[in-house]
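Visitor: I have a model open on my screen and would like to learn how to read it. Could you walk me through it, starting with single residues?

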Amino acid sequence: MRELHLANGLLIRGDLILLVASRYPNLEHPLWHLPGGRRRAGELLHATLRREFAEETGLTVQSEHLLYLSESFDHATTTHILSATFSVQAQGESRCPLDDAHIVDLAWVPREELAGTITVNVVREPLLAYLNGSRRAYFGFENADVSIVFADET
């Protein structure tokens with residue numbers, strides 16, 4: 001069984017949430033999600049968050065608080081996924097980097113459009129719960145509703 005640890009950041013400006021769209025070799029359409037990604041060996045989650053945010057958005061961020069953990073299991077790839085979502089602060093303007101072929105778009109999405117933009121339950125449901133005032137710290141999903149194959153794993 002494979003273990004995958006992710007760090008994601010919630011950046012809010014007014015009523016807008018920063019999202020990125022990632023392309024995966026096994027999926028027809030990109031998936032929208034919070035900026036962030038896979039922890040490298042020996043890397044702490046806050047370092048993962050800063051690195052991934054810079055790669056995906058061009059922004060330098062400071063993590064503030066751990067908002068929630070979500071956990072799921074992808075039966076198709078036998079992958080156990082643990083995802084930590086932090087609140088972040090950033091300065092500057094976001095951009096979709098040209099050197100990250102994985103990220104195909106970046107957008108500031110109004111809160112009321114998140115449910116229709118983020119299609120993966122294990123990403124959408126904890127985020128919407130948090131934004132609607134839930135202070136639940138853990139979300140467990142027996143079955144991830146999507147299988148992800150990363151380009152560097154094919």
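Guide: Gladly. Let us begin with Q91, which is found in strand β7; helices (H or I, at least four residues) and strands (E, at least two) are DSSP runs, numbered from the N terminus. Residues are numbered from 1 along each chain as its sequence is written. This is a predicted model, so local features need pLDDT of at least 70 and side-chain atom pairs count only at pLDDT 80 or more, while totals for chains, interfaces and linings use all residues, and side-chain values use heavy atoms, with hydrogens and water left out.

Visitor: Does Q91 count as buried or exposed?

Guide: Buried means under 20% relative accessible area, exposed over 50%, and partly exposed in between (1.4 Å probe, protein chains only). Q91 has 71% relative accessibility, so Q91 counts as exposed.

Visitor: Which residues does Q91 touch, not counting those up to four places away in sequence?

Guide: Contact means heavy atoms within 4.5 Å. On that basis Q91 touches R13, L59 and T60. Q91 and T60 are 31 residues apart along the chain, yet 6.9 Å separates their C-alpha atoms.

Visitor: Is S83 buried or exposed?

Guide: S83, also in strand β7, has a relative accessible area of 8% and is buried. Leaving aside neighbours within four places in sequence, its contacts are L6, N8, Y68, L69 and S70. One of these, S70, lies in strand β6 and is buried as well, at 8% relative accessibility. With residues up to four places away again not counted, S70 touches I81, L82, S83, V122, P126 and F139.

Visitor: How do β6 and β7 pair, and over how many bridges?

Guide: Two strands pair if DSSP finds at least two bridges between them. β6 and β7 pair in the antiparallel sense over 12 bridges. To trace the pairing on your screen, find L69, which stands opposite A84 in β7, and then Q62, whose bridge partner in β7 is Q89.

Visitor: What is found in the hairpin between those strands?

Guide: Four residues lie between the strands of this hairpin. T78, in the loop between β6 and β7, has a positive phi of about 45° although T78 is not a glycine. Its relative accessibility is 41%, so T78 counts as partly exposed.

Visitor: In what order do the strands of the sheet come?

Guide: A useful general idea first: in a regular strand the side chains alternate between the two faces of the sheet. Here five strands form an open sheet in the order β5-β1-β7-β6-β9, with mixed pairing. β5 and β9 stand at the edges with a single partner strand each, so one side of each is left without a neighbour in the sheet. From one strand to the next, the twist averages 20°. As for β6 and β9, they pair in the parallel sense over four bridges, and the bridge partner of S72 in β9 is F141.

Visitor: Which helix packs on the sheet, and at what angle to β6?

Guide: Axes are lines fitted to C-alpha atoms, for helices over the stretch in contact, and angles run from 0 to 180 degrees between N-to-C directions. α3 packs on the sheet and touches β1, β6 and β9; the direction of α3 makes about 130° with that of β6.

Visitor: Which residues of α3 are buried?

Guide: An α-helix has 3.6 residues a turn, so residues three or four places apart point the same way. In α3 the buried residues are V122, R124, P126, L127, L128, Y130 and L131. They pack against β1, β2 (12-13), β3 (16-22), β6, α2 (114-117) and β9 (138-141). Just after α3, G133 takes a positive phi of about 105°.

Visitor: What is the class make-up of the lining of the largest pocket?

Guide: Ala, Val, Leu, Ile, Met, Phe, Trp, Tyr, Cys and Pro count as nonpolar, Asp, Glu, Lys and Arg as charged, and the others, Gly among them, as polar. A pocket, on a 1 Å grid over the protein atoms alone, is an open set of points where a 1.4 Å probe fits, with protein on both sides within 12 Å along at least five of seven lines; lining residues have an atom within 4 Å of a point. The lining of the largest pocket has 20 nonpolar, 12 polar and 14 charged residues.
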